[in-house]
Amino acid sequence: MIGREMTAMTEKLVIIGNGMAPGRMLEHLLEAAPGRYEITIFNAEPRVNYDRIMLSPVLSGEKSFEEIVIHGDGWYIANGIMLYKGHRIVAIDREAKTVTSDHGVKEPYDKLVIATGSVPFIIPVSGNDLPGVLTYRDLDDVNAMLLAAQSRQKAVVIGGGLLGLEAAAGLKDRGMEVTVLHVMPTLMERQLDPAAGYLLQRAVEARGIKVVTKANTKQIAGNGRVEGVELDDGTIIPATLVVMAVGIRPNATLAKDAGLTVNRGIVTDDQMRTLDPDIFALGECVEVGGHVYGLVAPLYQMARVAAAALAETGEERFAHVDTPTKLKVTGIDLYSVGDFADGDDREEIVLRDASAGVYKRVVLKDDRIIGTVLFGETADGAWFADLQKKQTDISEMRDTLIFGQAFQGGASADPLAAVAALADDAEICGCNGVCKGKIISTITSKGLTSLNDVRAHTKASASCGTCTGLVEKLMQLSLGASYNPTAIQPMCACTELGHDEVRRLIKAKQLKTIPAVMQELEWKTSCGCAKCRPALNYYLVADWPDEYADDYQSRFVNERVHANIQKDGTYSVVPRMWGGVTSSKELRAIADVVDKFAIPTVKVTGGQRIDMLGIRKEDLPAVWADLGQAGFVSGHAYAKGLRTVKTCVGSDWCRFGTQDSTGLGIRIEKFMWGSWTPAKVKMAVSGCPRNCAEATCKDVGVICVDSGFEIHFAGAAGLDIKGTEVLGLVKTEDEALEVIVALTQMYREQARYLERIYKWAKRIGYDEVRRQVLDDVERRKAFYDRFVHSQKFAQVDPWSERVSGKDKHEFQPMAALSFQQAAE
Amino acid sequence: MNWHEIGIIEDIPARGARCVTTPQGRIGVFRTAENEIYAIEDHCPHRGGPLSQGIVHGASVTCPLHNWVFSLETGKALGADEGAVKTIPVRVIDGCILLGLESTLMAAE
């Protein structure tokens, strides 16, 4: 009853389109007037709202689709919004106040928002409908391009604007041979002056992309599917993929059919209202104040204005502002804003540094900035844009203006001081229109301490992300030393990148050797250091098990020599004793080796193994030969890999034992030995909750109970002491093995080098681990299969390899010099 | 100064090292990624670690025991640590490596 009454009082709001603008409008509306409307969305795309400006990083492989989702399914449910995915609205009936979808759903509205976005412009030439000709607009286009890129063949991108260049860079990163055709003499001529356009062309070409300017497409050639592009001058450029990125036009057909005023776009007033007072429009389909917009900042401004009008909370009005342009191609820094055409009433200041590839130009009119173009060095972009927005008289600082903010009024060149010097209303995040004061006050009032929190609360740096550095500096300013930007802790002094970025880029860019990683990720040293080389070697071993050849010289000495170096330069040797079980034959063989090589110390380890200490390096192969005779393989007691699986005697002997813990321990150890992991992995299996194998302080532990196997993880008993977390209970030994293997593989793929399981799991969240390896059965199976695959290449006993002569040089001096005998 | 032939470049892996034993102690002989050859005392001044078993990067090596880093050119500890190892003169002639030592030594065997 109550529900019905509520419904009767609530107005119905219907939104056509589910892009970034209506998504943002809903956020504002739900905040300002929660429960005011019953909301229904029709999305022609079969998915949720995602960050369309981040499609380029998805194309290049730097991000996944999941990472660019703005509102997941849960958000719609939590806010009681009905979302029709894959429904295109075909008609608006303004009389009856209904909309109808192509699947026949008819929905009444009290208020309607049209956000149909734009459609890519298709150049009218023959062959433009051949299979293999794509546009660049949504995720379907990106997926189609990724599919085409698998062929590693030739691609032509028509259009040298923002979108075309990002598409070209992405396809190039995916291994295609790419040519960009641009009809004008220089690239991005609407945002850049010719000089910067030329520098951009050089930078694009330096990435191995061909650029043809003044290129007029005559036709797209092909028989049944695209084979090439023919230009006006008769040149034919072969291609299996053609991407048209020559521009967009507002998608206003639906509005026009409904009788609304449409010029270039759907005409609205400055409150985003069409001529029908119950119908609003926003986004790329709109024409407001004579302008149509394609960049996200003005679209978000429309969202704010429309939300205020719908919530009837305030008198927000849309006003035109010049929006800066930034190119999202890794390694090319470009910034432009405003007007920079030449003119008699204008002056300009230009700075060029050819060797550094820097070009800066500021256009002035009456001592005020009206346009800025920066190439190669864009840090001062926000400062110039701020001066322009405020119409600051720059005559006082004219001589040093072009050098940037750091050179003004005695401010130091310290980047933190430069950010501190910015005015409170200086815009930091162009996409979301967030100024410095808003960020600082939110950090302080809400007690925010992480970048993600700041993004969640202010939206600053949450869209294209290019202002992330500025936002972090503001956090440093507000929080002082307590702010620790762990997200950007570099791996070592050789790079600015952190472990996570490096791991991600290794996969995304398909980097398969250490030199390739260092080249592509712009390492600052010629061949790394003792910190990054072992880490990179591990990442490559883990990510490309069947393709990457282990780099012996990037391994720490223990993993080269397959023994543990001791303080006096001798080594210790631990043979594998599966599950800690041994026999008289094995013990006898160990005793013989100890005698034969006069090994000074024999000790039982904490992991139920026997350690022989004080062996000379030269003797190692002979020691292993004898141990190998008795059936021993390496215990990997030196490895960032699986060390030991400790067990109790379980149901075989113990009167309390519930399961065969010894058998399971041996099974796990035989299955997983030889695998390399980010840091050492120690396991244990206890046969009952009395836990004699001490499984609850291990990286992975199992406690057997009557009903099955309780799997534990993320314990520690070393530098830190920490009891394990329970991962979950499984019924069978097979399941237990699958879960443990999947957990280990997830750790192998996601952790940072030298990060133990307990630190990694705490960092990413215990629930996340449970979700991936316990709840999601398909994912668990995929982890398991990848581990099994990599074991094919990892389960080789390093001792027997070296007994048969591998790396012989490692164990012998190069030469032995002695005093010359008098006789000679 | 006496020059002693100890082997050829290919005996040492690139970005790696071998050691040479002498009555005065062990010498580490290093080959960089650029095929430059350096020789230093194989004994870290900190706790005596065998430098020839460390990871070689650029013209430097990281001690396997406690991660001190030494310049192969000067023998000096790099970074925050202070200390140095002796450097030994090296000549490479037609791919053969010769060490320059004060005393007269000969190859064993």
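**Strands, a helix and a contact, set against their definitions**

User: What makes strand E15 of chain A and strand E16 (residues 226–231) of chain A a pair?

Analyst: Five bridges join E15(A) to E16(A), and the two run antiparallel. Strands pair if DSSP finds at least two bridges between them, so five bridges satisfy the definition. Strands are DSSP runs of E of at least two residues, and helices are runs of H or I of at least four, both numbered from the N terminus. One of the residues concerned is A:Ala221, whose bridge partner in E16(A) is A:Gly228.

This is a predicted model, in which local features need pLDDT of at least 70, side-chain atom pairs count only at pLDDT 80 or more, and totals for chains, interfaces and linings use all residues. Residues are numbered from 1 along each chain as its sequence is written, while chains are lettered from A and ligands numbered from 1 in the order in which they are written.

User: Which strands are the edge strands of the sheet E15-E16-E17 of chain A?

Analyst: This open sheet has three strands with antiparallel pairing. Strand E15 (217–222) and strand E17 (236–238) of chain A are its edge strands, for each pairs on one side only. Direction ignored, neighbouring strands of the sheet are turned by 25 degrees against each other on average.

User: Why is one side of strand E31 (564–565) and of strand E33 (601–604) of chain A left without a neighbour in the sheet?

Analyst: The open, antiparallel sheet has four strands in the order E31-E32-E34-E33 (chain A). E31(A) and E33(A) stand at the edges with a single partner strand each, so one side of each has no neighbour in the sheet. Strand E32 (residues 571–573) and strand E34 (residues 610–615) of chain A pair over three bridges in the antiparallel sense, and A:Tyr571 stands opposite A:Ile615 in E34(A).

User: How do you know what helix H20 (residues 584–596) of chain A should span?

Analyst: The expected span is 1.5 Å times one less than the number of residues. For the 13 residues of H20(A) this gives 18 Å, and the end C-alpha atoms are 18 Å apart, which agrees. Just after H20(A), A:Ala598 takes a positive phi of about 50 degrees.

User: Which residues make up the contact of chains A and B?

Analyst: Chain B gives 32 residues and chain A gives 23 residues; residues are in contact if their C-beta atoms, placed from the backbone, lie within 7 Å. On the side of chain B that touches chain A, E2(B) provides the largest share, six residues.

Technical notes
Axes fitted to C-alpha atoms, helices over the stretch in contact; angles between N-to-C directions. Contact = placed C-beta atoms within 7 Å.
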